[in-house]
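Colleague: Could you take me closely through one long helix and the chain on either side of it? I should like to see the backbone there.

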Amino acid sequence: MVHSGVARQVSSAVADAHAARLGAAGSGAHAHAQDLAGPLAPYRARDLDDFVHLLCAVYGRQPTVVELALGSAPPAPVRAWLESATSAFERERLYLVRLTSAVGPVPSTPGAAETEAALLAQRHALETLARSERSGCALGAATALVADWFALRPLLDKVAVRVGTDVPPCALPDEPSIFDVLEAGAGSVAAERAIRFGAEQLLLQQRALFDLLEARSEAREDY
């Protein structure tokens, strides 16, 4: 059993570590995400539409990653946070689904079969993380997704403004609450490691999605 003093040290460090991971490996640090956030050239509009479609292919289905994490959540305060995050992320999912419909068909791109296979593998990997029985893993994945979504939301809103779709307010849990739940969930060294693993793997999947989007953008240029 971890001594209470050690547990406090673990929990006080986990939020800082999480923030560092997000800054280094979050979607906002990816070159293609930064390009999408830039001036809206005609080709970039197609890239943004592709982003919406692929993001919806990964996160537009139910149950969401956050809802799956709630299924194995420990008692409050972690469960209470995940319940709130599940409700808020469901609203984000519905926004994403509406936006996908509003932008029209997915941009024509070579390698459609390869794209579908990659998205299927991503969905499987994310569901595996969110269903993990390893204490802390699902929480790490869920908190990383919620935190990383704040880098994705401006891109969604940019598309919504372009196609004339309403932009709903984002009700996802804020950064202080994410830090609080991470500290609550990191009651041991093992739990802290599981949180780190879940978060790292989630962010790895996010970067893989942007790698795929970037490759598809380049393929359309050559098409």
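Modeller: Directly after helix H5, Gly-104 adopts a positive phi of about 90 degrees. Most residues other than glycine have a negative phi. The model is predicted, so local features are given at pLDDT of at least 70, side-chain atom pairs at 80 or more, and totals for chains, interfaces and linings use all residues. Numbering runs from 1 along each chain as its sequence is written, and side-chain values use heavy atoms, without hydrogens and water.

H5 itself spans residues 78-103; helices here are DSSP runs (H or I, at least four residues), numbered from the N terminus. With 26 residues, H5 reaches 37 Å from its first C-alpha to its last. That distance is close to the 38 Å expected at 1.5 Å a residue (1.5 Å times one less than the number of residues).

On the other side of H5, the loop that separates H4 from H5 contains Pro-77. The peptide bond joining Ala-76 and Pro-77 is cis, and its omega is about 10 degrees.

Further back along the chain, helix H4 covers residues 65-70 and helix H3 covers residues 42-59. Pro-63 is found in the loop between H3 and H4. The bond leading from Gln-62 into Pro-63 is also a cis peptide bond, with omega near -5 degrees. Most peptide bonds are trans.

To retrace this stretch in the view, begin at the cis bond between Gln-62 and Pro-63, pass H4 to the cis bond between Ala-76 and Pro-77, follow H5 through its 26 residues, and end at Gly-104 with its positive phi.

How values were computed. Helix = DSSP H or I, 4+ residues; strand = E, 2+ residues; numbered from the N terminus.
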